[in-house]
Amino acid sequence: MKAKYKIKQSWLWDKDISDFVESKINGYTLNICAGLSKIGDIKIDLDPRDPSVIKADMKKLPFDDNTFDTVIEDPPWKIGYFDRWQPFFECIRVCKVGGIVIYNAYWIPQSKYAELKELYIRQDNAFTNTSIISIFEKIKIELIGNIPIEVFNLND
Ligand SMILES: C[S@@+](CC[C@H](N)C(=O)[O-])C[C@H]1O[C@@H](n2cnc3c(N)ncnc32)[C@H](O)[C@@H]1O
């Protein structure tokens, strides 16, 4: 029997989206929830399907603060509203100040340590669900008493 259709996992990034994300990365890159993606110097997933991927949980990343220039995350979309905070805060924690976080989901995350720089709507085919690729820069915040102060370099 000739196969007329190919079955592919619906959450895989196709070549266009992969090329787009790759065009945005810079420096030492971590890819969280990497699945079968080839992007990144370090790739992690809770259920690795490739030997190049390290088993780790997006909620508790096994990396020091300020380690990566770019952090990519493509979390499972069926996580509950209250489970969306911690994985994003972990992306910000392991990203260097001035580095970027590229996040793909149908929600837009937020942190006082990250400035939203770019937003893209992703859709693989007409009438299919969309997602948003949001790109953040990690910013420096200092506390004066309990008040967070955003630190700007006036020479930038
Ligand atoms: C939307 S898919 C990512 C697909 C990937 N962008 C690709 O192109 O192959 C989500 C991935 O998150 C992984 N995952 C689920 N829960 C996780 C967790 N707590 N920590 C890390 N990875 C997790 C799944 O195993 C799955 O590979």
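Let us start with the parts: the protein chain contains two helices and nine strands. Keep in mind as you look around that this is a predicted model. If you follow the chain from its N terminus, the elements come in the order α-β-β-β-β-α-β-β-β-β-β. The C-alpha trace spans about 70 × 35 × 30 Å along its principal axes. Of the 156 residues in the protein chain, 25% are buried. Contacts that reach along the chain are worth a look too: among those between residues at least 6 apart in sequence, 54% join residues at least 24 apart.

Now find the sheet. Seven strands form an open sheet, and reading across it you meet them in the order S3-S2-S1-S4-S5-S7-S6, with mixed pairing. At the edges are strand S3 (53-55) and strand S6 (114-123), each of which pairs on one side only. On average, neighbouring strands of this sheet are turned by 20° against each other, direction ignored. Helix H2, residues 85-94, packs on the sheet. This helix touches strand S1 (29-32), strand S4 (68-73), strand S5 (95-105), S6 and strand S7 (130-138). The direction of H2 makes about 150° with that of S5.

We can walk through part of the sheet, beginning at the S3 edge. Strand S2 (residues 42-45) runs parallel to S3, and three bridges join the two. One place to see this pairing is Asp45, whose bridge partner in S3 is Lys55. The next step takes us from S2 to S1, a pair that is again parallel, with three bridges. Here Asn31 has Lys43 in S2 as its bridge partner. On to S4: this strand and S1 run parallel and are joined by four bridges. Thr29 stands opposite Thr70 in S4.

S1 deserves a pause. In a regular strand, side chains alternate between the two faces of the sheet. What covers the two faces of S1, and are its residues buried or exposed? Both faces are covered: Thr29 and Asn31 lie on one side, Leu30 and Ile32 on the other, and all of these are buried.

Ile32 also leads us to the nonpolar interior. The largest nonpolar core has 23 residues, and those touching the most other members are Ile32, Val71, Cys91, Val94 and Val101. S1, S2, S4, H2 and S5 each supply at least two residues of this core. Which element gives the most? That is S5, with five residues. For a closer view of one core member, choose Val94. Leaving out residues up to four places away in sequence, Val94 touches Leu30, Leu61, Phe63, Asp65, Thr67, Phe68 and Val71.

Next, look for the ligand. It is surrounded by 16 residues, and the closest are Trp13, Cys33, Gly35, Leu46 and Met58. By class, this shell is made up of nine nonpolar, two polar and five charged residues.

One of those closest residues, Cys33, has something else to show. Cys33 is found in the loop between S1 and S2. Its phi is near 60°, a positive value in a residue other than glycine. Is Cys33 buried or exposed? Cys33 is buried, because 21 other C-beta atoms lie within 10 Å, and 20 or more are enough to count as buried.

Asn66 makes a useful companion to Cys33. Asn66 sits in the loop between S3 and S4, and its phi is near 55°, also a positive value in a residue other than glycine. Asn66 has 13 C-beta neighbours inside 10 Å, so this residue counts as partly exposed.

Our last stop is Tyr113, in the loop between S5 and S6. How exposed is this residue? Tyr113 has 18 C-beta neighbours inside 10 Å and therefore counts as partly exposed. Although Tyr113 and Ile139 are 26 residues apart along the chain, their C-alpha atoms are separated by 5.3 Å. Leaving aside neighbours within four places in sequence, Tyr113 is in contact with Ile92, Lys138, Ile139 and Ile141.

Terms used
Residues numbered from 1 in each chain as written. Predicted model: local features only at pLDDT ≥ 70, side-chain atom pairs only at ≥ 80, totals over all residues. Pairing = 2+ DSSP bridges. Axes fitted to C-alpha atoms, helices over the stretch in contact; angles between N-to-C directions. Contact = placed C-beta atoms within 7 Å. Near = placed C-beta within 6 Å. Nonpolar A, V, L, I, M, F, W, Y, C, P; charged D, E, K, R; others polar. Buried ≥ 20, exposed ≤ 12 C-beta atoms within 10 Å, placed from the backbone. Core = buried A, V, L, I, M, F, W, Y, C linked by C-beta atoms within 7 Å.
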